[in-house]
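Here is a short report on how the pieces of one protein model fit together. Please keep the sequence and the 3D view open while you read.

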Amino acid sequence: MQLLAAAARAARGEVSGLPEGLLRFHLEYSTAPAIEVERARIAALLGADNFSLRLSPPGADPELLLLEFPGVQREQSPSLLFAEAAELADALGLVSCVPETEAGWIDGDELVRDMPESIEGAVARLCQSDAVPPADRRWAIRSVRADKAWARFGTRGEGVLVAQPDTGVADHREIDEGLEISLGLDVIRGEGQPIDPLTQKGGNPGHGTATSSCVISRQTGAMVGTAPAARLVPIRCINSVVLTGGAATAAAIDHAVSVGAHVITMSLGGPVGWPALKRAIRRAVDAGVVVLAAAGNCVKIVVYPGWDSNVIAVAGVDEHDKPWRGSSRGSAVDVAAPGENIYVARRTR
């Protein structure tokens, strides 16, 4: 555990919120541990105590702890991180110890999955469409027959509260009418409203604005969502839709349940089923919440949380109901919906 020992000496300060990129491990116990006792055990193993140990998500699951190293950025390879995690799990007698790691660098030998090394560059080009966008901005609504459902059941989502863990939202007239900003939260900062900072580096600026418009854009706008009378709670828990950790998304799901969401929709994913995220999803489903997630884009497999048995995994099709070339596919997919050339509310700066 040389890496962890060095990190325990180098770490400084306190952890506020659930920032991305921090050296962090998910510790799963068979029974609820005493945090101070575990802290002493870990300090003895590492020979230093400049680390943070807390519940994951805070107050939600007594069998899970987050081991974090304030001020230490995660720059190590997944192979090294998984090896250090395995050593720590053995030393502490854990059920599991899972690191947060850069998803794009995880190789098949670590997760027994065929995952490309990166979704950038050449791989990203494999999922780009050269199809001409349909002239009808509302073609996707007719494709899923949302308009027929509105007429048959006499509702467009009135009374339904949808929560969306994502990058947060930016000001845009297509979605402003349908947002419940006051119920949202910036999980990354640990406080405040879920406003997308539209950071250009290493993320997907405007993603939450775009995906929320597919749900709640009003019929008076240039486009329309599938539930144009529903309300949406944005929750900022990511900067990039490629998950590198599960703690922040788990906290976002718990927050969604706490504010009374009926549906949780997540257009994000990664190759690791982090214990905190799995348990948060199960808690949401047990509370009667419908949980959906993207099957994945530009990779060969259905990503997590899409492949969780408690989640409805949604793949993408084109205007002819044919599989979109960039969509993940496989037995874990539950349904498919328009995913190519969809008109959305665009905001990147």
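In which hand does helix 9 pass helix 10? The crossing is left-handed. Keep in mind that this is a predicted model.

**The helix 9 and helix 10 pair**

Helix 9 covers residues 247-258, and helix 10 covers residues 275-286. Their axes lie 8 Å apart, at an angle of about 15°. An angle under 35 degrees counts as roughly parallel, so helix 9 is roughly parallel to helix 10.

From helix 9, the contact takes in T249, A250, I253, D254 and V257. Helix 10 answers with A276, L277, A280, I281, R283 and A284. By class, the residues of this contact are eight nonpolar, one polar and two charged.

T249 deserves its own look. This residue belongs to helix 9. Is T249 buried or exposed? Its relative accessibility is 1%, so T249 counts as buried; the cut-off for buried is under 20%. Setting aside neighbours within four places in sequence, T249 contacts C237, I238, L243, M266, L268 and L277. L277 also appears on the helix 10 side of the helix contact.

**The helix 1 and helix 3 pair**

Helix 1 (residues 2-10) packs with helix 3 (residues 78-92). The angle here is about 90°, which makes the two helices roughly perpendicular to each other. Q2, L3 and L4 of helix 1 meet L80, L81, E84 and L88 of helix 3. That contact has five nonpolar, one polar and one charged residues.

The two helix pairs are set out below.

| Helix pair | Angle | Axis separation |
|---|---|---|
| Helix 9 and helix 10 | about 15° | 8 Å |
| Helix 1 and helix 3 | about 90° | 8 Å |

**The sheet**

Four strands form an open sheet in the order 2-3-1-4, with antiparallel pairing. Strand 2 (52-55) and strand 4 are the edge strands. Each has a single partner strand, so one side of each has no neighbour in the sheet. From one strand to the next, the twist averages 25°.

Two helices pack on this sheet. Helix 1 touches strand 1 and strand 3, and its direction makes about 65° with that of strand 3. Helix 2 (residues 35-46) touches strand 1, strand 2 and strand 3. The direction of helix 2 makes about 150° with that of strand 2.

**Strand 1**

Which strands pair with strand 1, and over how many bridges? Strand 3 (residues 64-73) pairs with strand 1 in the antiparallel sense over six bridges. Strand 4 (residues 96-99) is also antiparallel to strand 1, over four bridges.

Individual partners can be picked out. L27 has L65 as its bridge partner in strand 3. L27 also stands opposite C97 in strand 4. For F25, the bridge partner in strand 4 is P99.

Why is strand 1 described as largely enclosed by the rest of the structure? Seven of its seven residues, 22-28, are buried, so the description follows.

In a regular strand, side chains alternate between the two faces of the sheet. Strand 1 shows two such sets: L22, R24, H26 and E28 point one way. L23, F25 and L27 point the other way. All of these residues are buried, R24, H26 and E28 included.

Conventions: Residues numbered from 1 in each chain as written. Predicted model: local features only at pLDDT ≥ 70, side-chain atom pairs only at ≥ 80, totals over all residues. Heavy atoms only, no water. Buried < 20%, exposed > 50% of the residue type's maximum accessible area, 1.4 Å probe, protein only. Pairing = 2+ DSSP bridges. Axes fitted to C-alpha atoms, helices over the stretch in contact; angles between N-to-C directions. Parallel < 35°, antiparallel > 145°, perpendicular 65-115°, else oblique. Left-handed = near helix turned anticlockwise from the far one by under 90°. Contact = heavy atoms within 4.5 Å. Nonpolar A, V, L, I, M, F, W, Y, C, P; charged D, E, K, R; others polar.
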